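Welcome! Take a moment to turn the structure around on your screen, and then let us walk through it together.

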Amino acid sequence: MKMSFRWYGDADPIPLEYIRQIPGMRSIVAAVYDVKPGEVWPQESIDALKKKVEDAGLVFDVVESIPVHEDIKLGRPTRDEYIEVYKENIRRVARAGVKCICYNFMPVFDWTRTQLDKTADDGSTSLVMYMDQLQSLDPLNDGLSLPGWDSSYQKAELKRLFEGYAEIGTEGLWDSLTYFLKAIIPVAEQEDVRMAIHPDDPPMPIFGLPRIISNATDLDRFLAIVDSPANSLTLCTGSLGSSLGNDVPTMVRKYSGMNRIGFMHMRNVKDYEDGSFEEVAHLSSAGSLDMYEITKALVETGFDGYVRPDHGRMIWGETGKPGYGLYDRALGAAYLNGLFEACEKEMKK
Ligand SMILES: [Mn+2]
């Protein structure tokens with residue numbers, strides 16, 4: 001297991017020097033942030049990022065993420081040129097030493113929450129999604145009031161995208177993903193990089209847009225499209241775990257046993273019967289997921305990929321990017337390191 005930490009570049013209020021001081025920290029998970037989806041990443045920007053990370057005594061070998069242009073997901077005629085750009089970005093980051101690339105195939109919006117700063121009993125704040133809040137929202141008519149969404153979309157453009165996805169539907173999105181994977185995975189193989197798809201967050205259709213990476217059936221279908229270790233998963237315990245139907249420890253054991261997990265996002269969520277959930281501390285007792293069973297499944301299947309503590313709460317008065325503060329993610333890393341050490345020693349007995 002290689003412990004890693006997401007960093008948002010120079011705009012991130014957390015200095016790399018602080019990240020380095022988290023016990024056991026090895027890798028930085030980052031991206032070139034000043035380039036739009038569908039554009040080539042300047043090699044100078046990649047190299048500058050690498051240098052900064054290495055100067056701080058850390059390793060830059062995971063990218064999160066290289067975004068997939070909507071035309072690729074919609075299967076539009078222009079997709080071929082965007083796929084060529086994507087391949088070039090794989091080659092460029094590989095040249096800088098990157099071994100794993102996280103991406104997702106969610107239409108229009110990445111993760112969705114209804115509130116980013118819900119206060120818990122202990123005064124900490126975290127991201128939550130409450131179904132009653134979600135159901136009362138209509139992104140096409142209310143304006144883009146949901147947190148975490150790309151507010152740069154104009155209303156007309158958004159409407160066009162929604163219509164495009166309604167037209168192709170779920171099977172059309174699978175076709176687009178198949179076309180994309182068959183084009184890029186051979187490049188990833190050549191470059192010795194693992195592509196690692198992030199599951200839908202949350203794992204359910206949002207506002208009628210199709211979602212296809214939400215459960216074990218989807219993951220099986222995804223992995224069969226190109227049967228290669230380069231076609232792998234970012235297994236995000238919190239994303240998959242926000243659906244009560246997903247048995248996360250069993251999924252981890254299965255896909256790690258198949259050597260198809262490139263990257264682990266580890267966090268805990270507290271789930272409710274109606275599909276609502278709250279992000280909580282990483283500890284098993286704080287939420288619905290058994291983080292010990294998840295770690296044990298990784299250790300027993302010989303997982304040697306990347307792990308990062310996923311979203312944390314905001315604690316100790318910290319302000320910053322919701323989910324990406326220093327303190328709670330550092331506590332998460334320390335907790336996960338403890339679980340790994342215990343499981344590894346237990347296995348050696
Ligand atoms: Mn995640």
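## A good place to start

Strand β2, helix α2 (residues 43-55) and strand β3 form a β-α-β unit that is right-handed. Please keep in mind that this is a predicted model.

The two strands of that unit are partners: β2 (residues 27-30) and β3 run parallel and are joined by four bridges. Within this pairing, valine 62 of β3 has valine 29 opposite it.

## The protein as a whole

Now step back for the overall view. The protein has 11 helices and 12 strands. Its radius of gyration is 19 Å, close to the 20 Å given by the globule rule for 349 residues, so the protein is as compact as a globular protein of that length. The C-alpha trace spans about 55 × 45 × 40 Å along the principal axes.

Of the 349 residues, 44% are buried. Contacts often bring together distant parts of the chain: among those between residues at least 6 apart in sequence, 72% join residues at least 24 apart.

## Following the parallel strands

How is β3 placed, enclosed or not? Strand β3 (residues 59-64) has five of its six residues buried, so the rest of the structure largely encloses it. Besides its pairing with β2, β3 runs parallel to strand β4 (residues 100-104), with three bridges between them. Here glutamate 64 has cysteine 102 of β4 as its bridge partner.

Moving the other way from β2, you reach β1, which runs parallel to β2 and is joined to it by three bridges. In this pairing arginine 6 stands opposite valine 29. Strand β1 (residues 2-6) is also largely enclosed by the rest of the structure, because four of its five residues are buried. Two bridges link β1 to strand β12 (residues 306-309), again in parallel, and there methionine 3 faces valine 307.

## An antiparallel sheet

Elsewhere, four strands make an open sheet in the order β5-β6-β11-β10, paired antiparallel. At its edges lie β5 (115-119) and β10, each pairing on one side only. Neighbouring strands in this sheet are turned against each other by 40 degrees on average, direction ignored.

Look at the middle of that order, where strand β6 (residues 125-129) and strand β11 (residues 277-280) run antiparallel and are joined by two bridges. Valine 128 has glutamate 278 of β11 opposite it.

## The nonpolar core

In soluble globular proteins, nonpolar side chains tend to be buried together. The largest nonpolar core in this model has 83 residues, and the members that touch the most others are Cys100, Ile101, Ile184 and Met195. Helix α6 (residues 155-191) supplies the largest share of this core, seven residues.

Which residues does isoleucine 101 touch, leaving aside those up to four places away in sequence? They are Val63, Ile66, Ile90, Val93, Val193, Met195 and Ala196.

## Two helices near the end of the chain

Helix α10 (residues 291-300) is mostly covered, with seven of its 10 residues buried. These are Met291, Ile294, Thr295, Lys296, Ala297, Leu298 and Val299. They pack against α8 (237-240), α9 (248-257), β9 (261-266), β10 (268-271) and α11 (327-348). After α10 comes glycine 302, which has a positive phi near 70 degrees.

Helix α11 contains glutamate 344. Glutamate 344 counts as partly exposed because it has 15 C-beta neighbours inside 10 Å. From alanine 188, glutamate 344 is 156 residues away in sequence and 31 Å away in space, C-alpha to C-alpha.

## Unusual spots in the backbone

Most residues other than glycine have a negative phi, and most peptide bonds are trans. The peptide bond from glutamate 64 to serine 65 is cis, with omega near -10 degrees; serine 65 sits in the loop between β3 and α3 (70-74). Another cis bond runs from aspartate 201 to proline 202, with omega near -5 degrees.

Proline 202 belongs to the loop between β7 (194-198) and α7 (216-225). Phenylalanine 207 is also found in the loop between β7 and α7, and its phi is positive, near 55 degrees. With 16 other C-beta atoms within 10 Å, phenylalanine 207 is partly exposed. Valine 108, in the loop between β4 and β5, has a positive phi near 65 degrees. Valine 108 is partly exposed too, with 19 other C-beta atoms within 10 Å.

Definitions and conventions
Residues are numbered from 1 along each chain as its sequence is written. This is a predicted model: local features need pLDDT of at least 70, side-chain atom pairs count only at pLDDT 80 or more; totals for chains, interfaces and linings use all residues. The radius of gyration is taken over C-alpha atoms; the globule rule is 2.2 Å times the number of residues to the power 0.38. A residue is buried if 20 or more other C-beta atoms lie within 10 Å of its own, exposed if 12 or fewer, and partly exposed in between; C-beta atoms are placed from the backbone. Two residues are in contact if their C-beta atoms, placed from the backbone, lie within 7 Å. Two strands pair if DSSP finds at least two bridges between them. A crossover is right-handed if, with the strands pointing away from the viewer, the path from the first strand over the helix to the second runs clockwise. Axes are lines fitted to C-alpha atoms, for helices over the stretch in contact, and angles run from 0 to 180 degrees between N-to-C directions. A nonpolar core is a set of buried Ala, Val, Leu, Ile, Met, Phe, Trp, Tyr and Cys residues joined through C-beta atoms within 7 Å.
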